Amino acid sequence: MSNTPFLLTFSLLLLCPLLFFFFPRILPQKQAQITRSDELHDLSLFRRAAVLGGATTTRKPKIAFLFLTHSDLHFAPLWQLFFQHNDGLYNIYIHADPSAKIVPPGGVFSSRFIAARKTHRAHASLISASRRLLATAILDDPSNAYFAVVSQNCIPLHSFKFMYESLFRKPSSPIRRSFIEILDNEPQLWDRYIARGNTVMLPEVPFHRFRIGSQFFVLTRKHAVVVIRDQKLWRKFRLPCLNLYSCYPEEHYFPTLLSMEDPASCTHFTLTRVNWTGSVDGHPHTYRPPEVSPQLIHKLRESNSSYSFMFARKFSPECLQPLLDMAENVIFRD
């Protein structure tokens with residue numbers, strides 16, 4: 001009996017690290033909420049964009065580049081070279097987390113910072129940020145015909161001219177399609193569907209209509225308007241998750257919505273190359289300077305479709321200089 005207090009103390013010491021490790025996975029985790037004022041502000045923006053979204057123009061079509069970022073635009077100098085000598089064919093919009101201190105890139109990289117809200121990983125705020133970018137770009141210029149959502153860790157894999165001609169001149173059909181990944185037969189589909197609860201998504205989103213994909217895509221103006229007009233699916237996807245380890249709303253909402261609304265006008269593949277080999281905590285492989293080479297760029301361009309990949313992620317900030325060193329002779333030489 002004399003050893004009982006010692007054994008009890010020793011057992012508690014062993015148990016504490018286990019409780020620290022497992023309790024966050026067992027107990028519901030407090031999540032940041034989208035405030036009512038933010039919701040009303042967005043709804044007003046979306047309604048205005050939905051009304052004017054169908055406006056047509058005879059001017060030359062443009063590509064709207066929508067940067068979704070929470071830190072410095074590490075690869076701004078590379079993007080400057082990408083946009084150089086193509087004025088009048090693009091617009092740039094940046095959604096920067098209010099807590100980040102971002103210096104607006106100068107030179108030809110003229111950009112517009114939109115009214116942003118704080119975003120959180122595994123949270124519907126990332127959906128709101130993309131919708132906010134889309135709505136702003138729709139209102140800003142009726143010539144915006146394609147809307148490309150990219151992150152601060154994305155880099156271009158081709159010249160602007162190559163991308164522009166691929167989007168506007170390559171298709172044999174007069175109907176423009178959106179380049180968005182839409183997957184319906186993935187092993188993690190069920191876990192992601194019930195992340196908010198087994199029946200929470202019903203009746204609007206039955207399991208057989210639920211899709212997953214990439215949060216980075218290129219949408220037509222028609223589909224951008226579909227996204228900002230939606231309220232029915234948004235009511236479901238904005239709900240907090242019970243299982244954060246299977247919850248990636250920004251990878252579920254857009255593929256599910258467009259799959260339900262207009263699957264025939266979507267390619268079901270993305271133009272952004274991501275390497276998920278050796279992913280850590282839901283993050284893809286991050287390329288480091290020793291990996292950057294002409295061979296890597298050529299490899300990242302390769303696609304199973306008739307379209308080459310146009311962007312790639314994820315690159316560490318230290319990759320900027322080796323990328324700039326081969327920008328002219330490799331990246332922008334198509």
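Mentor: Let's start with a yardstick: a residue is buried under 20% relative accessible area, exposed over 50%, and partly exposed in between (1.4 Å probe, protein chains only). The model is predicted, so local features need pLDDT of at least 70 and side-chain atom pairs count only at pLDDT 80 or more, while totals for chains, interfaces and linings use all residues. Residues are numbered from 1 along each chain as its sequence is written, and side-chain values use heavy atoms, with hydrogens and water left out.

Trainee: Is Arg-112 buried, partly exposed or exposed?

Mentor: Arg-112 lies in strand 3; helices (H or I, at least four residues) and strands (E, at least two) are DSSP runs, numbered from the N terminus. The relative accessible area of Arg-112 is 38%, so this residue is partly exposed.

Trainee: How far apart in space are Arg-112 and Ile-94, C-alpha to C-alpha?

Mentor: Along the sequence, Arg-112 and Ile-94 are 18 residues apart. In space, their C-alpha atoms are separated by 6.1 Å.

Trainee: Moving along the chain, which residue between strand 3 and helix 4 should I look at?

Mentor: The loop between strand 3 (112–113) and helix 4 holds a residue that has a positive phi, near 55°, without being a glycine. At 10% relative accessibility, this residue counts as buried. Its name is Ala-122.

Trainee: What distance separates the end C-alpha atoms of helix 4?

Mentor: Helix 4 covers residues 125–140, which makes 16 residues. The expected span is 1.5 Å times one less than the number of residues. That gives 22 Å for helix 4, and the model agrees, because the end C-alpha atoms are separated by 22 Å.

Trainee: How many residues of helix 4 are buried?

Mentor: Helix 4 is largely enclosed by the rest of the structure. We can say so because, out of 16 residues, the number buried is 14.

Trainee: What is the relative accessible area of Val-150?

Mentor: Val-150 belongs to strand 4. Val-218 is 68 residues away from Val-150 in sequence, yet their C-alpha atoms are 9.0 Å apart. Val-150 is buried, because its relative accessible area is 0%.

Trainee: Which residue is 163 residues from Asn-153 in sequence and 7.1 Å away in space?

Mentor: Asn-153 is in the loop between strand 4 (144–151) and strand 5 (155–156). With a relative accessible area of 12%, Asn-153 is buried. Its partner at 7.1 Å, C-alpha to C-alpha, is Ser-316.

Trainee: And how far is Arg-221 from Pro-142, C-alpha to C-alpha?

Mentor: Arg-221 is part of helix 7 (residues 221–229), and at a relative accessible area of 11% this arginine is buried. Along the chain, Arg-221 and Pro-142 are 79 residues apart. Their C-alpha atoms are separated by 9.2 Å.

Trainee: Are Phe-82 and Phe-83 stacked, tilted or edge-to-face?

Mentor: Rings of Phe, Tyr and Trp (its six-membered ring) pair if their centres lie within 6.5 Å; planes under 30 degrees apart are stacked, over 60 edge-to-face, and the rest tilted. By this rule there are 32 aromatic pairs in the model. Phe-82 and Phe-83 are both buried. Their ring centres are 5.0 Å apart and their planes are at 75°, so the pair is edge-to-face.

Trainee: Which residue is joined to Leu-202 by a cis peptide bond?

Mentor: The omega of that bond is about 0°. The residue in question lies in the loop between helix 6 (189–193) and strand 7 (218–220). The partner of Leu-202 is Pro-203.

Trainee: What is omega for the cis peptide bond between Arg-313 and Lys-314?

Mentor: Lys-314 sits in the loop between strand 10 (311–313) and helix 11 (320–325). For the cis bond joining Arg-313 to Lys-314, omega is about 25°.

Trainee: One last item: what is phi of His-268?

Mentor: His-268 lies in strand 8, residues 266–268. At 33% relative accessibility, His-268 counts as partly exposed. Although His-268 is not a glycine, its phi is positive, about 70°.
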